[in-house]
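Here are a few exercises to work through with the model open in your viewer. Try each task before reading its solution.

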Amino acid sequence: MPLVSQAGSLCHWFHRLEAYGTVSADADLFFSAGLAYAVRGPRLRPSPAPRPPKTLRSTPMQPFDFQLRPRIVFGEGVVERLGQLARQHDARRVLMVSDEGVVSAGHFDAGRRALEAAGVEVHAFHDFGENPTTDMVQAGVAVARRVQPDLLVGLGGGSSMDCCKGINFVYSCGGSMHDYRGVGKATADMLPMIAVPTTAGTGSEAQSFALISDAETQVKMACGDPRAACSVALLDPVLTLTQPPKVTALTGIDALSHAVETYVTKPRNPMSLTFSRRAFTLLSEGFPKVLDNPDDLEARSQMQLGACLAGLAIETSMLGAAHAVANPLTARFDITHGQAVGVMLPHVVRFNGSRHAQWYAQLMSDHDPSVPAEEAPDRLAKLLTHFLSLAGLEDSLAKLAVTADAIDQLSADAAGQWTGTFNPIVLDEGNIAELYRAALSDVAQPRQPS
Ligand SMILES: [Zn+2]
């Protein structure tokens with residue numbers, strides 16, 4: 001069948017689906033089915049259109065405005081293509097933003113060699129740490145003003161990529177980092193940026209957001225603009241082999257939390273659901289394997305791609321309660337992001353699952369298709385607690401030295417978190433305090449999944 005005619009049939013097929021009024025939370029299945037149909041042509045004429053199964057008709061279809069921004073290049077050894085990709089953006093002088101750990105692991109040199117082999121002049125900025133601050137960004141901007149780069153490379157974990165994006169905001173648009181808090185505050189086009197993640201965690205390479213902490217208050221500011229999105233995400237799973245076990249654990253739990261949180265947000269939509277669900281399947285398969293055998297490159301690949309897909313989901317569906325309640329734990333108790341989100345997420349799943357059990361059943365269906373909807377939130381919460389245990393992370397706030405008298409302050413902080421506004425159940429200080437209390441006592445939280 002000619003392509004145009006196939007496209008016409010596909011439109012017809014989707015219009016028939018639209019005629020049902022609701023499509024579904026599992027619209028990804030329809031996209032896959034529709035795509036396969038377009039590629040291979042109909043085996044039978046699609047009339048009458050198949051009736052969607054009941055479970056797929058439970059949620060009204062959400063509108064979305066989606067553009068895949070980074071070009072994603074994935075594969076073993078693709079870091080060697082960094083120079084070629086930079087040249088495709090007409091780069092002659094590059095500022096590479098990489099933290100010291102990445103330098104020690106030899107990845108910075110691998111990136112630099114690839115750039116220099118392509119005739120690109122390389123300058124470096126390393127003077128920042130975990131949770132980059134406004135001051136660290138400003139120091140990077142000073143280097144950029146001296147170097148005058150025509151392309152930025154953020155090579156490292158989430159802190160390297162976020163710091164690089166932060167530098168891009170201020171270098172390209174002027175002012176200070178505070179001017180870009182929120183969404184769409186960029187005032188000019190920004191330099192092209194290539195992100196090269198060396199951890200499988202934040203998915204920053206797939207998002208237009210930089211998380212930068214206020215240097216004085218330590219409050220994390222989300223600064224996002226479509227113009228801050230990376231031009232290229234270069235995913236080389238070999239670079240993730242050198243992560244220390246603790247980093248593998250913390251970043252892996254964070255990536256899993258992104259897949260879980262994005263699946264139930266208010267702005268969830270057919271695109272985000274597709275990314276979240278595939279991400280969860282890859283991550284839940286890969287995570288126990290990389291903990292057991294850190295040199296398992298196939299599992300590392302699952303983790304890296306899963307983290308990137310979860311990042312794409314965040315870009316269009318945002319996050320939710322687990323991140324809203326985790327951020328004050330990081331700000332006030334200096335609990336690492338992955339640990340803070342990980343300890344809270346099982347409680348958030350039970351909380352959101354009180355109204356949206358079916359969604360969690362759908363999310364888990366590739367991992368375990370036998371989970372009945374009514375059991376899904378508890379089963380998922382137990383699975384996540386099991387992952388914490390495998391990863392050697394704490395499963396209660398008490399074990400992290402958080403005490404009951406801190407809950408009021410933490411709850412007030414969390415209630416003001418922007419990310420909490422996307423949670424499917426409206427958050428207030430009362431229900432947030434209950435989440436903290438549940439995580440503090442960790443009552444009846446079995447460690448093994450049933
Ligand atoms: Zn996170």
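**Exercise 1: the strand in the middle**

In this predicted model, isoleucine 72 stands opposite alanine 233 in β9. Your task: find which strands pair with β9, and in what sense they run.

Solution. Start from Ile72. Strand β1 covers residues 71–74, and four bridges join β1 to β9, with the two running parallel. Now look for another partner of Ala233: alanine 195 also stands opposite this residue. Strand β6 (residues 193–197) is joined to β9 by two bridges, again in parallel.

Next, check the side chains of β9 (residues 232–235). Val232 and Leu234 point one way, while Ala233 and Leu235 point the other way. In a regular strand, side chains alternate between the two faces of the sheet. Val232, Ala233, Leu234 and Leu235 are all buried.

**Exercise 2: the core**

Task: where does the largest nonpolar core lie with respect to domains 2 and 3, and why?

Solution. Take the best-connected members to begin with. The core has 133 residues, and those touching the most other members are Val94, Ile167, Ile194, Leu234, Ala259, Val325 and Met344. Helix α12 (residues 337–364) is the biggest contributor, giving 14 residues. Then bring in the domain bounds: domain 2 (71–240) and domain 3 (245–441) both supply residues, so the core lies between them.

Zoom in on Val94. Skipping neighbours within four places in sequence, valine 94 contacts Ala86, Leu115, Val120, Glu121, Val122, Pro149, Leu151 and Val153. As background, nonpolar side chains tend to be buried together in soluble globular proteins.

**Exercise 3: helix α7 and its sheet**

Task: describe α7, then say which strands of the three-stranded sheet α7 touches.

Solution. Begin with the helix. Helix α7 (residues 158–173) has 16 residues and spans 22 Å from first C-alpha to last, close to the 22 Å expected at 1.5 Å a residue. Of those 16 residues, 14 are buried, so to speak of α7 as mostly covered is fair. Just past the helix, glycine 174 has a positive phi of about 80°.

Now the sheet. This open sheet has the order β5-β8-β7 with mixed pairing. The edge strands are β5 (182–183) and β7 (209–213), each pairing on one side only. β5 pairs with β8 (residues 220–224) in the parallel sense over two bridges, and glycine 182 stands opposite cysteine 223 in β8. Finally, put the pieces together: α7 packs on this sheet, touching β7 and β8, and its direction makes about 95° with that of β7.

Key. Residues numbered from 1 in each chain as written. Predicted model: local features only at pLDDT ≥ 70, side-chain atom pairs only at ≥ 80, totals over all residues. Core = buried A, V, L, I, M, F, W, Y, C linked by C-beta atoms within 7 Å. Buried ≥ 20, exposed ≤ 12 C-beta atoms within 10 Å, placed from the backbone. Domains from an automatic or database assignment. Contact = placed C-beta atoms within 7 Å. Expected span 1.5 Å × (residues − 1). Pairing = 2+ DSSP bridges. Axes fitted to C-alpha atoms, helices over the stretch in contact; angles between N-to-C directions.
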